[in-house]
Amino acid sequence: MAKFTIVFHSVCGNTYQIADCFFRVLQERGQEVALYRTADASFESGERRSDEFKHLQAAIEAVPVIEEAAQVLGSDVLLLGSPTYYGCVSAQMKAFMDSFEKMWADAPTAGMYFGCFTSAGDGCGGPELCLQVMNTFAQHMGMVPISVPCNIGGTAQPAYGIKHVSGEKADQAVTEETQTAVRNYADHILRVIS
């Protein structure tokens, strides 16, 4: 059994849905999984959430906020998820990644496996850039990114991680095809780390 830590930031609910899919799949596979969200002072207002996802607010609020980067230590695999903002991660995810600075010199995350996921309004390059930002962070921390194979199944995915196209209003829920890609990627990670 491997220990997974999943940390996500979600505003509209899409990134949370992917994180929750990873969480459920990995638990079904008998893995130890911790699920956290990043701090977000504006989350409770819900002003940017579409009506389609207001029902997810309570579920997202039930996920504990990760208090410090050191909480991921001891994990075999770290999975990060962020909405895509202008081809980058959200400010909240960037702040979480930046909080690893205190650990950088001692490199306690060196050798930890890494994967990531994102949601974006469209698939025109922004999600891939966001995923690359998270992979670059992992490499600077000495982690080992696990790429997504081209035969993952479900919706076509970039090598850098799992993406979901949520539409201009972020109102397109995570599809069964994306959930299939998540399941297959989780199985691929388990094969790589075994």
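**Buried rings, helix 1 and a single cavity**

With a relative accessibility of 0%, Phe117 counts as buried. In this predicted model, Phe117 lies in strand 4 (residues 113–120) and forms a pair with Phe22, which belongs to helix 1 (residues 14–28), so that parts of the chain 95 residues apart are linked. The ring centres of Phe22 and Phe117 are 5.3 Å apart and the ring planes stand at 35 degrees, so the pair is classed as tilted. Phe22 is likewise buried, its relative accessible area being 0%.

The count of aromatic pairs in the model comes to six. One of them joins Phe8 and Tyr16, whose ring centres are separated by 5.7 Å and whose planes meet at 50 degrees, so this pair too is tilted. Phe8 is buried at a relative accessible area of 0%, and Tyr16 is buried at 9%. Elsewhere, ring pairs connect Phe96, Phe100, Phe114 and Phe137 into a cluster.

Helix 1, which holds Phe22, comprises 15 residues, and its end C-alpha atoms lie 21 Å apart, in agreement with the span of 21 Å that is expected at 1.5 Å a residue. Of these 15 residues, 12 are buried, so the helix is largely enclosed by the rest of the structure. The buried residues include Asn14, Thr15, Tyr16 and Gln17 towards the start of the listed set, and Val25 and Leu26 are also among them. Ile18, Ala19, Asp20, Cys21, Phe22 and Phe23 are buried as well. Because an α-helix has 3.6 residues a turn, residues three or four places apart point the same way. Just after helix 1, Gly30 adopts a positive phi of about 80 degrees.

Both members of the Phe22 and Phe117 pair are also touched by Ile162, a residue of strand 6 (residues 162–165). Ile162 has a relative accessibility of 0% and therefore counts as buried. When residues up to four places away in sequence are set aside, the contacts of Ile162 further include Cys116, Thr118, Leu131, Val148 and Gln157, together with Thr178, Ala181, Val182 and Tyr185. Ala186 is separated from Ile162 by 24 residues in sequence and by 11 Å in space, taken from C-alpha to C-alpha.

Cys116, one of the residues touched by Ile162, was examined together with the other cysteines for possible bonding. A disulfide is a covalent bond between the sulfur atoms of two cysteines, and a search of the whole structure finds zero disulfides. For Cys88, the closest cysteine sulfur is that of Cys130, at 6.6 Å, which is too far for a bond; Cys88 itself is partly exposed, with a relative accessible area of 28%. Cys116 is also in no disulfide, the nearest cysteine sulfur being that of Cys130 at 7.6 Å. In accessibility, Cys116 is buried, with a relative accessible area of 0%.

Empty space inside the model was considered last. A search of the whole structure finds one cavity of 30 Å³ or more, and about 40 Å³ of space lies in the largest cavity. The lining of the largest cavity includes Phe8, the buried partner of Tyr16 in the tilted pair described above. His9, Ser10, Arg37, Thr38, Asp40, Phe43 and Ile60 also line the largest cavity.

Methods:
Residues numbered from 1 in each chain as written. Predicted model: local features only at pLDDT ≥ 70, side-chain atom pairs only at ≥ 80, totals over all residues. Heavy atoms only, no water. Phe/Tyr/Trp six-rings, centres within 6.5 Å; stacked < 30°, edge-to-face > 60°. Buried < 20%, exposed > 50% of the residue type's maximum accessible area, 1.4 Å probe, protein only. Helix = DSSP H or I, 4+ residues; strand = E, 2+ residues; numbered from the N terminus. Contact = heavy atoms within 4.5 Å. Expected span 1.5 Å × (residues − 1). Disulfide = S-S within 2.5 Å. 1 Å grid on protein atoms, 1.4 Å probe; cavity = no way out; pocket = protein on both sides within 12 Å on 5 of 7 lines; lining within 4 Å. Points joined across faces, edges and corners; volume = space filled by probe spheres on them.
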